[in-house]
Amino acid sequence: MPPKAEAARARALLSAAAREGRGRLARPILLGAASIACGIAQVWLIARVLTALLGHGEAEWGEAGWPELAAAAGLALLATGLTVAQERAQAAAGAAARASLRDRAFAILLAAGPADERPVGERAALVVDRIEALDGYFSRWLPAAALAMIGPLMIALAVAVVDPLSGIIMLAAGAMVPVAMALTGIGAALASRRQFDALQALSGRFLDRMRGLPQLVLFRRQEAEAESLALAATDLRRRTMRVLRVAFLSGLSLEAIAAAVLGCLAWRHGNLLVGGHPAPVAALFSILLVPAFFAPLRAFSAAYHERMSANGAAAALAPLLLDTVPEPGLLLEEVPPSLVVTFEGVGLTYDAARGAALSDLSFRVMPGEALVLAGPSGSGKSSVLRLLMGFRRADIGRISFNGRDATTLAPAELRKLSAYVGQKAHLFRATIRENIALARPAATATQIEAAARAARVTDFTDAMPEGLDTLVGEGGFGLSGGQAQRVAIARAFLRDAPLVLLDEPTAHLDPGTEADVLDSLRRLCAGRTAVIATHSAALRARFARVMELEDGRAVPVNRLAGE
Amino acid sequence: MLHDLIRILGLWRTRWSWLAAGALVAMVAALAGVALLAFAGRGVSEGLRTGMLAGAAAGSLLLLRPLIFLRPAARYLERLVTHAATFRALADTRVWFFRRLAERLPGGLGLRRAGDLLGRLVSDVEALDGLYLRALVPAVAALAVVLATTLLLGAISPPLAAIVAVPLACALLLPPLLAPGAARAAEAVAEAQGGVRAAAIDPLLGIEDILAANAEPRASARLSAAAETLTAAQERLSRRSAWGGASGTVLAQAALLGALGYGLAGGPGVAGATVVGLFLALAAAESLSALPRAGIALAAAGAGARRLFEAADTPAPVAEPVTPAAPPAGHALRVEGVRFAWAPDREPVFTDLSFDLPEGGRLALLGPSGAGKSTLGSLLLKLAAPGEGRILLGGADIATLSHDAVRARIACLTQDARLFDDSIAANLRLAAPDAPDEALWQALDRAGIGETVRALPEGLATGCGEGGARFSGGQGRRLALARVLLAPAKIVILDEPAAGLDPSAERAFLETLESATEGRSVILITHRLLGVERPTRILRLIAGRAIPAMG
């Protein structure tokens, strides 16, 4: 996509979110403007006191002394309080905007499921780092941008009232700031996007290497990997410095304008001095207000960088949030007690370069029947299961449940019909009990224990001090591959769905355990419709109906053993 | 906290010249800013007081001109140099952390979640930039401004110097005063950020199981809850930051109004000094305004540093010998009376394990799951050390050999052997970085996946995807196997090498095992034998001992 269109989409995403949170975003701006007004009044009082001190008290506005000083102190406290309130209001606005965008993005990522092939670290960075990077846009940039317009205008007008030329100098300078920033900011926005890509690549690479750390250590490559990590970091630094060299130019232009304004005002009032200054209060008022005049612009300049970061993050989020249309589909009225599964001429291709994963596959499985899919790895066994899980849609052909086209159902509804045990069961960081309950959160303790017994999970948890309440880590630390698989089988028991889908359920079990689990699996499949992908000869022997797959096609030797 | 931060500064010592240069430029920029406003104010005020543009007034306005150029240039340079210094220092920290984990957690992450660790590295290392950019640099710049103000005013009027400098010096104390309080809040934010990341990564890693269980709403709810915790923690931190900012403003205002009060009390005689004091206070306020945030940044950096060191200081499972023995010439393996448990309170895996593996021998080790077959690999590779007994490699106790020497001689196909998100060639070359393509093809052929790779349009350059996601389980397993076969090690441990292979492929592979591993010793760990492996010795693991089984 051309960078322009991409930037436009990023902006569209951000402004849509800003419209949603309009009410919240207005509060910090009002509070900030009130604080600036207090500041102007305070400086006016200070200028009068100082003028009186310098011996011009009788001119213009009369004497000023301790009462004015006390009032200035009061105004300073009030302005400070308003600023505190403003900061808290903008933090709240940012948090609300992030929460709503994060929820939407994560729901989309989950729904996309295994079809999204980007590394997990990269996808997680979308909902964590990218969303957090948007915070500055809502909590700092939006209020700062508004105040950068309102604040200097208020101050320049106040100055113009007492000394028109000083006011005009300020107004002109204020108008130059956004122009200078826009000129320096265009290149920076592009470079900022590249920097985020580099940062994300570094994150993804690090998660990948961390997960495989044992491999690196065993092959004695940790040192080489550390060095290439250093290279990647150096690359990131170079890119980032390239962004910053340009981004800081906007800061440079602001500083230059601020210094020039001070110079102009000093020069103007210095010249007026020749022959006695006509309006000494106005002279001091305008010079004393210079820091306050540039404060909102400095805040804007700091936040301008945040906006560019947010634009980079929004551009990465835009494809996810703007392009994803929820997959259409009907809702399931109720889970039927039994299910007939029919494939008619089904074909599936993941990647045209690697050929079809499935082609012209037809079969029917009746309730109480188990279909074993056999064949070498890569022959398409797992693809059949993926279709039945709604992880993928078939390219051609028809898959039907009880005679009705399965594609009319939304994928999540399709999955309500089945219990699934994959090749590599993932154990979440939770107790074994919670890991089993994942399949049916409403299950009672008794039901969970029954499922654990049926899958022979209790065989090993009984020996653990905390039994089913033992904590397991990411990837199932503390449990062997076979034990993790048994937890997954317990989930399927607990799920109690009419369709059972098993993908190499006994791949990691030794023959003794396999025989035990096979009994459990037979009980699991009894009375249900089952589709099982396996290499295991023992498993094949237990089930009557086997279909051999080769290169995504059924080998035409369907045998009906034992019948 | 202080100790952790000092340790971080120690890690950065090779970058001190960069860091010092940044601080120096920041001081120059801050002083230029103060001088700019002070000269402008003084020029006009002196002119008003004396009623003419001469003497101090004219001099001040003349000095203004070079400052108008110096100040923006110095600020630009300050930002470039301080950022360049920070990135260098942070890159060092990142690499140091990786090396440390490779040394301290070589066996993998276990209960420490990879997602959480990534959060540690990316967020915590990045939070360390606050230590320099937002704490040290502003503090040094503000210190220079306060010192200059005190000296200048002290020369004109010591009482005025006290009135202006005392509140400003108090503002200097804000960072160390605010930091401990903010540290807790910052720690909570960092903790909550790790929680959000973990809540996002865990369900994405197990996405098939989440979808299969229709658990998407629950995963979303968990992420929302983690994000709310984060928001609450950030809210507490931003409240502290806002109040810190407010106290800084109040102190700067006290200096400014104090100077004015001094003028009112002293009358026309002190008006000249008052003007200087007033404008210096006004100018100093800008430099000091960054200080309260410096306290927050200091706290955030402290929290990040603590978490980094907490992970990095995990004791190494097996210490390197202080003076490693010379690597032995032979590679006969002998295990003598090994007793081992993963933790003192857990059941021992081995009670009295002993066996021999002569050079070129092929040992099959059988046992049910959970019998400690994989643990043996960890002991041989020095990822764990036996509680009792010893392991001899070529006659030398491996405890006296360097980790590197042992791992150079023993290659292992672990059960969780992982492919990296890189090309097939890069994955294979982990085992032998300089191997030519022919050697890679030979290893792929021996592992029975050469044909599959040849059929790929990109061949050896094909990416594997994260964790080998591009390939089926069986294909990934064979790629990992090819990687081990490529390693120039004399002993090869194959932990369930055929898991995930279909029976005919399994048989075909095991039949070629003898030629594939020619000239090397092999330990084949498996739960059953097909009868084609032709081991020279078969042992069965039972109750923590190795019992000879029928060959």
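Here is a short back-and-forth between a student and a tutor about this predicted two-chain model.

Student: Why is Gly473(B) called buried?

Tutor: Count the neighbours: Gly473(B) has 20 other C-beta atoms within 10 Å. The cut-off for buried is 20 or more, so Gly473(B) makes the grade. Gly473(B) belongs to helix α16 (residues 473–486) of chain B. Its C-alpha atom is 9.0 Å from that of Ala499(B), with the two positions 26 residues apart along the chain.

Student: And what makes Arg94(B) buried?

Tutor: Same test. Arg94(B) has 24 other C-beta atoms within 10 Å, and 20 or more is what the label asks for. So Arg94(B) counts as buried. You'll find Arg94(B) in helix α3 (residues 56–104) of chain B. From Arg94(B) to Ala255(B), 161 residues apart in sequence, the C-alpha distance is 43 Å.

Student: How do you know that strand β7 of chain B is largely enclosed?

Tutor: Go residue by residue: strand β7 (residues 491–495) of chain B has 5 of its 5 residues buried, so the rest of the structure largely encloses it. Split by face, Ile491(B), Ile493(B) and Asp495(B) are buried on one side, and Val492(B) and Leu494(B) are buried on the other. That split fits the usual picture, since side chains in a regular strand alternate between the two faces of the sheet.

Student: What makes β6(B) and β7(B) a pair?

Tutor: Pairing takes at least two bridges, and strand β6 (residues 410–413) of chain B shares 4 with β7(B), so they pair, in the parallel sense. One of those partnerships puts Ala411(B) with Val492(B) in β7(B).

Student: How do you know that β8(B) pairs with β7(B) too?

Tutor: The bridge count again: β7(B) and strand β8 (residues 521–526) of chain B have 5 bridges, against a minimum of two, so the pair holds, also parallel. Asp495(B) sits opposite Ile525(B) in β8(B).

Student: Over in chain A, why are β2 and β5 called edge strands?

Tutor: Start with the sheet, which is open, has 4 strands in the order β2-β1-β4-β5 (chain A), and is antiparallel in its pairing. β2 (358–365) and β5 (404–405) of chain A each have a single partner strand, so one side of each has no neighbour in the sheet.

Student: What makes β1(A) and β2(A) partners?

Tutor: Strand β1 (residues 341–348) of chain A and β2(A) share 5 antiparallel bridges, and at least two are needed, so the two strands pair. Val341(A), for instance, faces Val365(A) in β2(A).

Student: Which helix lies across β1, β2 and β4 of chain A?

Tutor: Helix α11 (residues 381–389) of chain A lies across β1, β2 and β4 (396–401) of chain A, at about 115 degrees to β1(A).

Student: How do you know that chain B isn't a compact globule?

Tutor: Set the value against the rule: a compact globule of 551 residues would come in near 24 Å for the radius of gyration, but chain B has 34 Å. Its C-alpha atoms fill a box of roughly 115 × 55 × 55 Å along the principal axes. The domain assignment gives domain 1 (2–312) and domain 2 (333–548) of chain B, with 52 Å between their centres.

Student: What does the globule rule give for chain A?

Tutor: For 563 residues the rule gives a radius of gyration near 24 Å, whereas chain A has 34 Å. The C-alpha trace of chain A spans about 120 × 55 × 50 Å. Its assigned domains are domain 1 (22–321) and domain 2 (341–562), and their C-alpha centres lie 54 Å apart.

Student: How do you know that chains A and B touch?

Tutor: Contact requires C-beta atoms within 7 Å. By that test, 127 residues of chain A are in contact with 130 residues of chain B. On the chain A side, the largest share is the 25 residues from helix α8 (residues 222–273) of chain A. By class, that side has 73 nonpolar, 34 polar and 20 charged residues.

Terms used:
Residues numbered from 1 in each chain as written. Chains lettered and ligands numbered in written order. Predicted model: local features only at pLDDT ≥ 70, side-chain atom pairs only at ≥ 80, totals over all residues. Buried ≥ 20, exposed ≤ 12 C-beta atoms within 10 Å, placed from the backbone. Contact = placed C-beta atoms within 7 Å. Nonpolar A, V, L, I, M, F, W, Y, C, P; charged D, E, K, R; others polar. Rg over C-alpha atoms; globule rule 2.2 N^0.38 Å. Axes fitted to C-alpha atoms, helices over the stretch in contact; angles between N-to-C directions. Domains from an automatic or database assignment.
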